[in-house]
Structures are given as C-alpha cells and as structure tokens.
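Here are a few exercises to work through with the model open beside you. Try each task before you read its solution.

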Amino acid sequence: MSEKQEKNNSRRNFLKRGFIAGTAAVAGGGLLSSCGGETETGDKIKVLTTDGKVIEIDRAHAKPCKQVKVDSREGIPGRKFVMVMDLAKCTNARKCITACQEGHHLPKEHEYMKVYLMQDSEKTAPYWFPKPCYHCDNPLCVSVCPVGATYKRSDGIVLVDNDRCIGCKFCMTGCPYSARIFAWKHHEEYDSPVQYNPENSVPGQEGTVSKCVFCADRLAENKLPYCVESCPMGVIYFGDVDEDTVTNGAETVLFSDLIKDRSGYRHLENLGTRPSVYYLPAVNRQFDVDRGFRNLDEEVEKRYEKTPHVKKQKG
Amino acid sequence: MEAEHKNYTEKIEEFRHQIEKPNTITWIWMIFLVLVILMGIFALVAQITGGHIITGMRDNVVWGIYIVNFIFFMGISYAGALISGGLHLFRTDWRHPVIRMAEAITIISLLIGPLYILLCIGRLDRIPYLVLFGRIQSPITWDVIAIATDIVGCLIYLYLSTLRDIARVRDFKNLKMAKWRKKLYSFLALGYVGTPEQQKRLNRAADIMAAMVMAIAIIVYSVLAWIFSVTLQPGWHSTIFGPYFVIAAVYSGTGVLILAMWIYRKLFHLEEYITRKHFVNVGVVMMVLAAFFGYFTFSEYLTKWYGSQKDDEQLIAILFDRYYWLFVFSNYLGVLLPLIVIGIPALRKINIITITAVVVILALWVNRYLIVVPTLESPYLPIQESRLDWIHYSGTWVEWTLTIGGIGTFCLLFTLFSKFIPIVELSSPKLPKAKA
Amino acid sequence: MNKNKIFSVIQLVFLISIFLFGKIDVGFSQEAFPVSMELTTWKYTDNSRELIASLLAENEEGEFAPEGIDVTFYVQENEDKVELATAKTNNLGKAITSINTGFDFPKDGEGYIYVFAEFEGNDKYDMAEAELTFKDVLIDISFVEEDETKFIAFAGEILGPDGEIFPLADDDIYFFVPRMFSYLQIAEGWFEENGEGMVEYPTKIIGDTLGNLQVIARITEHYDYGNVQKTATIDWAIPSHLIAAETPSRELWTPIAPMWMIITLIIMLTGVWGHYFYAIYELYMIRKLGKREKKTNNI
C-alpha cells in the first residue's frame, strides 16, 4: 500500500469513526458545545448512536467532531505501551516539558514530565533524568484509590478520571515516584469549554489529581506523545511492547534489542511496581552534564542548587 | 428495686446542679467555645473559597496537620473505648468515676476525627462516591467502613452504660430543667425500672458491647495505621505500624482521661469521687503504656538507623536535623516523664500527674506529626524545587485555626454531654463511698 | 512648465501612488512569494508510479507549504514535452499524480525518462519548475527457505529502451515492516551482479495474531531509480497475543477485589454487626419488659 493510500485509508477511517462518534456524541446530548453550533437546516438524517439506537438529527449537527472515545477505561485493543529513555542523550533541553504543557493546556507550574539531576552516589557521575508517570504494571496508586478514579487499562495506561476523583491524595502518597500532581487552586486553563476526556486530562479540575497520561488520545490516532515528538535529542522512545518496536520519531528499533544492547533498566526496580518506562544508562554521553544548565530560566536553575553536583561546583 | 433507688437519691442530689439548667459561668464558657468554633468555620470557608492552596500542603507533603489531627482524635477515641471497655469487663473497683468520662471521650472524638479527613479532601461535593464507588481494595474504604461501624458500636455501648443513670434522672422529681428534657429522659430510659430480668439483659448486652468495642477499637485503629504502612514510603512502610499506633493511641487517651478527670474534679468538686487513688491508677496505666510506647518507638528508629538503608537514612537525617527538638520532646520527654512521675511514689500527686498527662498529650500529637510529615518531605525521588513552601511543610493559619476549632468542638460536646448525664457513673450494684 | 514636464510629474505621482498603494496591500501589485519545487517519484507494488512535486514557499516568517497550487507534469518524448497530468498541491504542499500500471514512459537511448513539473505562477506565488530523470525499474521479492534457514529473496530489473531488460545490480535494498507509529527496518540487502540477492529473514519479528507479516522492500532516493517499493506478505512472524482477557483477574489494582478480601470483609462485618443487632434486641426487650412492668404496677 502506498504511503498516500495508507494516509487516505487512515483518514477515511478516522472520519468514519469520528462521524459516528461525533453524531453519537451529539445525540448523547452533552457535547453540543464542542461541535456544530450551526443553525438547523430542517433537513433530517438518520444516524446510529453508540448504544445501538437509530435516531434522526438535523443535518447541521452531523459534523465530524474530534473523536471522542466512548469509554476511556477500555484500552486500545491489542497494544501494551512502553517507553524507553536514553539517558546518554538527555541534556535538559526541557522541550518535552513545554510540549506536554502546551498539549494538555497545563498551567506553567504543573509538570507531568519532570527532569531531575540525579546522582546515584558520591563518586558516580550525575545525569539528567526525565521522569513521566511510569504506568506501572503493579500500580500502587490504583490499588489505594478509594473510589476507583484512577485505573489501569488493558493497554497498560493508567489514567485518572477527574470527574470521579475526590481529591483524597492517597494515590499521591502511594506513588513512590512522585508522578502525580494536585490542583491546589483554580487555574484559568480550567475554564476551557472543551469536553473533559481522561485520555488527555483536559481541562483539569480544581481539587483533583492529574498526571502524565502517555497521551492516550493521540495514541488512539496512531500519533506519538508530545514529549516523544518534541525532544530535540531523540531521548524518548515509545512503542508497543507486543510489537517489540519503539521509535523516537526518527529512529525505529526493536525494543528487545535496544534494551539488550544498551543494558536498559527500570528505576527502583526493587519496589516491585514494575514500571513501563525503561532507562538506558548514560554511557558514551553525547554531551557533558553541564550542558543542561544552558539557557535555563532562573527559577529552574534554582531547583538544582542543592544537588551534590552543583554544590561541588560552587566549591 | 426500691432499695436500689433510695440509696442513690442523695447521690443524685449531689449531682443535680451538674445536669440542671446551666448557670452563668457555664453559659459564658459555652459561648466562648462557640466563638472558637466560629473562628474555625471562618477558616473553613476561607479554605473552600480560596482552595487548598491556602493551607500549607503542597505536592510533596500532601497530608499535613489535618491528618495529624485525624489520627490524634481517632487515637484518643480508641483509648477511651479500650479503657472503658476494659474497666467494665474486669469489673474494676475504682472504675465508676472515670468510666463515663472515658466513654464520652470515645464517642466525641470519634465524631470529630473524621471531620479532619473531610477538611483534607479536595472535592467535598463528591464524598458520596466513597460509598457509591467504594473499592474494597483501598485502605481508605476499610477505614470508612471501620469508622462507621465504630461510631454505631460506641453509641450503642454508651447508651447501654448510661441507661441506668438516665432512668435515675427520669425518676428524680423536682429537677430544675426544661420539660422537653424531662420527656427526653423518659423516652430514652426505655422503661427501665431495674427489674432483675431487665438488669440481666442490660448486663449481658453491656458486657458483649464492651468486648466488641474493645476489639473494634483495636481493629479500626490498625486499619488507620495500615493506610500508612501499605504504601512504600520510607518511614511508613513498617510492619509494626498496627500495634504501634494502637499503643500510642491508648497512651494518648490515658493522658486525655487524666486531664478530664482533673478538670471535672475541680469544676464540680468531685473530690470525694475522683480521688488520688483514681489518678494513680489511671496514671499507672499511663506509665505502663509509656513503657510500651517507648519500646515501640525505640524499636522503629533503631532498626531504621542501624540498617541505614538509603531512604531510611534520608528520613532520619531530616528528623534529627529539622525536627531535632520536637523529636526529643516527643520521644524522650514524652516517654520518660510518666515513667519517672509514676515510678517514684513521692511524685504521685494529683497535680503532678495531671501536668504529666498534658505533656503526654502534646508529645503524642508531635509524635503523629513526626510520623506524617518528615516522611513526605523525603520521597524516593529528590525534591528539586525552587519554591520553599513546596520543599518544607509548615501549617498555615487555616490549619491551626481549624485545629483549635476542633478542640473547641470537643470541649463543647463534652460540656453538653456532662450537662446531660452525671459525669460519674452513679448506678451499679455497688458504689463505694471513697475516702479522699 | 511645458507639457512633457507635466506629463513626467503625473507619471511620477502615479508610480509613487502605485508604490504606496502596493505597500498598503490593496490587492494588486503585491509581491509574490518565491517558490521552490522538488520532484520525486515512487514506484509501487502494483507497478503504478507516482510523481510528487513538493513545493515550498517563503514569506517573512519563514517557509511554508502552499496549498491548492496547480502543477502540470510533462514527460519528454523525443523532442517534445508531452503533458501527462495536472494536480493541485495538498495541505502539505505536495502535488501528487498517479500514473497507471503499464504506462509506457518514453525513454531515451540509455533508458532514461525525463519528467518535468511546472507551476506557471500567479499573483501570490512566483513560478517554479523542477525536473527529474530516472530509469524505470521493477523489483520483486519472495520468501525462500533453504536448509531450515529462512531468506527473503529479491530481484531487480531495469527496463531499458525498446523493451530491453537489464539486471539491477550493485545497489542497496532495505526491508521494513509497518509498526504502530512508523516502519521498522528488519534487514538490508544487496543486489548482486545478476540483479538478484538474498538476505536472511530475522525470525524474531512479531506479526499479527496469526503470524502474518507485511514486508515492504524499498530502494529510497536513488539517483537513477527514484524511490521503489514492493510489498509482500508472509506468515513467518511470531504471532502476537491478544491482551484482552475473558475474565478480569482479581488483583489489588483491578476493578474487582481478590476473593479473600471480600470473604474476610463479609465475615468481619457480619460478626460485628451481628453483635450490634443482638444488643439492640436486648434494649428492645428491656423496653418491652418496662412497659409490662408499668402496666402491672398501674393495676
């Protein structure tokens, strides 16, 4: 199949799904704000809703809306997602952080992806450590949620349903990787009229917990997450472990080969959380760790002041 | 039946002013407490409108003073349950003056504790989800079920143990109180007149509930401890948290009980009923618990420090750096003081014991604080932040005001309770008239 | 002032006003954006060929892809430029025209085909053109198994002038499989002198649930052949497993709790609340007895 034909096919499928889902969503009633808004033509057409009913709606409402997944608790069938971070290439460019914040309409102080300056012990070398949510296979955060607001899907992604979260923050104490953030106050980004979807956690809600979602809404459209696409160094690889393939946008490699050749590992493996994010050790680094301090905001630079590396440099 | 009644009429006479219409001082006291509670409500409204950002909690230390207060109040509640249940089941001689106070402490702090959890919850409008969507695997669901069970159990037990005295008050003519109150006593007395059949049933039910309340107290407080110990956080992930919390709870409860005894003794001149012997007896319980508490605490920190696992090391570094004096106060003074005071006979004076009790209460509140907060300040992934309030936790005026509001509520409810029923258990087969 | 001078002044004023008006974007006499064009070609499995003209326009902010531009494609036949087709650029700035299988491209003596793409230019965009020379090739892939080792065999032919066929020799060919976000390269081959070659098939590649795998062979951006692609399917891949389970397992983090938890909870709750109901029953009996007592006393 040619590239063009494949593109056409996926576009056709997308439109078809989007059409049905869009009209179903309109029929569902709650989503009129996000599609159409046109004046009625008086011309009726028949459409099929997601629960199998045939209804008539005005032709003006039948617009393909952004695809709304019917149930965000169901994973993309046949997939199991995994991420690999190549620590040898990370230079704290922080494009992953800004791209993620833009894509999810996050306030500037909320970071789903964080970059740490880690140093495992006194004599080992420091390295930059990007850390999203690990979407663990044994997620303690999911186990302790009293209302089931956070859940793990069949495709491995752990999501938070901000319509159900009561804000008890037990999941935040349960996560050993500090992956979750809490909305302590109302942010103006939360006033967006967009229909809430747990798969991209937009818009956020005050008093609830949110975190990296592996851009589940983009994955449903076969697009890579924002962080993967935006990294200038190609640090982040993403893919389906059942296909044994990961890509960083430019390079596509076999996951098992990558882990074997570069000795991939998971962070704090002994905790038994079984994360879905692997790290490749910072061997044969492309750049010195100090390159990560270039062009940093003053506020960001201040964060690393107390790290052993910076303290040693200051003498 | 008649004989039982007659013996205690004079006792009721002594206590009548306690439960009759409140006098001026009591009114002033209650109004003062209402003002304190209003201050708390003001802080609550500020928090609801301003968002949780006005508390000191941030993304790392997500649980602060509210949770400490929750653990503290639940702790003294279970202490009350264990003490009153134990005293009842063992038919201890000297229990009558103190057992009702213990029961009152139990039920009142059981009502206040969960309020602090509600303060910590981000979306109060979704509280019903805890029941509608409750997940059995979550320790918080266990806690919800446990606390609900406990409240019902303690209410039943309280009712059973006050039933006799309610009947006494009902039968007492010429009490200066509102008509509706008299009717209330009538209704609540359930037609109890002290027949042998009724007594048998009452005793049986009370014995069973006393045992239940003790068992439930232990289980429920362990569930609370497990909320912390099932997580992986260093400092929380300890196998002995269940028993540790239970012991610490009963310990703090004895402190509150002694304080309540001292206050009521002074206020209502109950020197005849609450004697030095009572203080010493409860004090001995406190001392024994101090020893157990010290043992558990020492065991906790010794294993952490000796093994010096990296995460434990980080936690201990924070404890002995930022929280050094608090740690010494709570875990040294709080343990040694009761041992010394009760251990040395010459020091077993009422006032000294009471001062020790106050120190114990404070020490245990600090102990809970040192369990909750430093652990959250030393997570596995280092906190690399520029904002100071995100690195270290410090409670804001909202949290402290609500803490005081909670204490005020506790005092108010206690006052109202003592206005309802004599604070000393008057009726039972034998009531020894003690010598001072 | 004489007539000539007045006329010059009027012309000058006219030119200045045009210049000024032009700057104020009235619509006419606006500067057109410069456009660059690249021409590439793709040959596909069904032997159809695509000609792709990629346009890039430049404005003050940088480069962008112009949409809706008409591009005309020509092929050189002897001395003439014969029009092949026209196409409009899409939102990526690419004008794509597909030539059917079996179309006989006019070739020169060495077998080269010359194609041109032209854009005449309009008010908004400058004119642009590009040309491309390539040879028409056919590649074929098949799967063979020798001595229990699996191979992908491939062969290439260059279609020369007058129907002659030459072997496609001494060149690279790459093999890909389609994955969720991109294509994974699984092997690399070399055309031998006879235009054929073999490369070992990597057995650890995972296919669909039945073990089918779509293998795409490609020669990319060759100076003589353009881009050539051939796809074939084989069932040698390791079958992937379906994840969805019939019944959800009962773990700590699943919607349904482990059985032992539910049982323990039920036992404990019935035990405790059973005692409560007993105590309440006793209280009820006390009340009943009290009523009876009251009655007997009143009598």
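A salt bridge here is a side-chain nitrogen of Lys or Arg within 4 Å of a carboxyl oxygen of Asp or Glu. Keep in mind that the model is predicted.

**Exercise 1.** Find the salt bridge across the interface of chain A and chain B, then describe the interface around it.

*Solution.*
- Start with the contacts: 50 residues of chain A touch 40 residues of chain B.
- Next, the area: about 3700 Å² is buried between chain A and chain B, and carbon and sulfur atoms give 60% of that.
- Now apply the salt-bridge rule, which finds one across this interface. The partners are Arg387(B) and Glu109(A), with their closest N and O atoms 3.4 Å apart. That is within the 4 Å cut-off, so the pair counts.
- Several elements of chain A supply at least two residues each to the side that touches chain B, including strand 4 (114-118), strand 5 (127-131) and helix 8 (298-303).
- Sort that side of chain A by class and you get 25 nonpolar, 13 polar and twelve charged residues.

**Exercise 2.** Work out which parts of chain A the pair Arg303(A) and Glu111(A) ties together, and whether each partner is buried or exposed.

*Solution.*
- Check the distance: the closest N and O atoms are 3.3 Å apart, and the pair forms a salt bridge.
- Place the partners: Arg303(A) sits in helix 8 of chain A, while Glu111(A) is in the loop between helix 2 (95-103) and strand 4, so the bridge ties together parts 192 residues apart in sequence.
- Look at accessibility: Arg303(A) has 13% relative accessibility and counts as buried. Glu111(A), at 10%, is buried too.

**Exercise 3.** Do the same for Arg49(C) and Asp136(C).

*Solution.*
- The N to O distance is 2.9 Å, and the two side chains meet in a salt bridge.
- Arg49(C) belongs to strand 2 (residues 49-59) and Asp136(C) to strand 8 (residues 128-146) of chain C, so the pair links parts 87 residues apart.
- Arg49(C) is buried at 2% relative accessibility, and Asp136(C) is buried at 7%.

**Exercise 4.** Pick out the residues with the most contacts inside the largest nonpolar core, and follow one of them.

*Solution.*
- The core has 157 residues, and the top contact-makers are Trp63(B), Phe228(B), Val372(B) and Phe414(B).
- Follow Phe228(B): beyond its neighbours within four places in sequence, its contacts include Trp63(B), Ile71(B), Phe245(B) and Val372(B).
- Another core lies apart, with 57 residues, among them Cys100(A) and Trp128(A).

Definitions and conventions:
Residues numbered from 1 in each chain as written. Chains lettered and ligands numbered in written order. Predicted model: local features only at pLDDT ≥ 70, side-chain atom pairs only at ≥ 80, totals over all residues. Heavy atoms only, no water. Contact = heavy atoms within 4.5 Å. Buried area = accessible area lost by both parts, 1.4 Å probe. Helix = DSSP H or I, 4+ residues; strand = E, 2+ residues; numbered from the N terminus. Nonpolar A, V, L, I, M, F, W, Y, C, P; charged D, E, K, R; others polar. Core = buried A, V, L, I, M, F, W, Y, C linked by side-chain atoms within 4.5 Å. Buried < 20%, exposed > 50% of the residue type's maximum accessible area, 1.4 Å probe, protein only.
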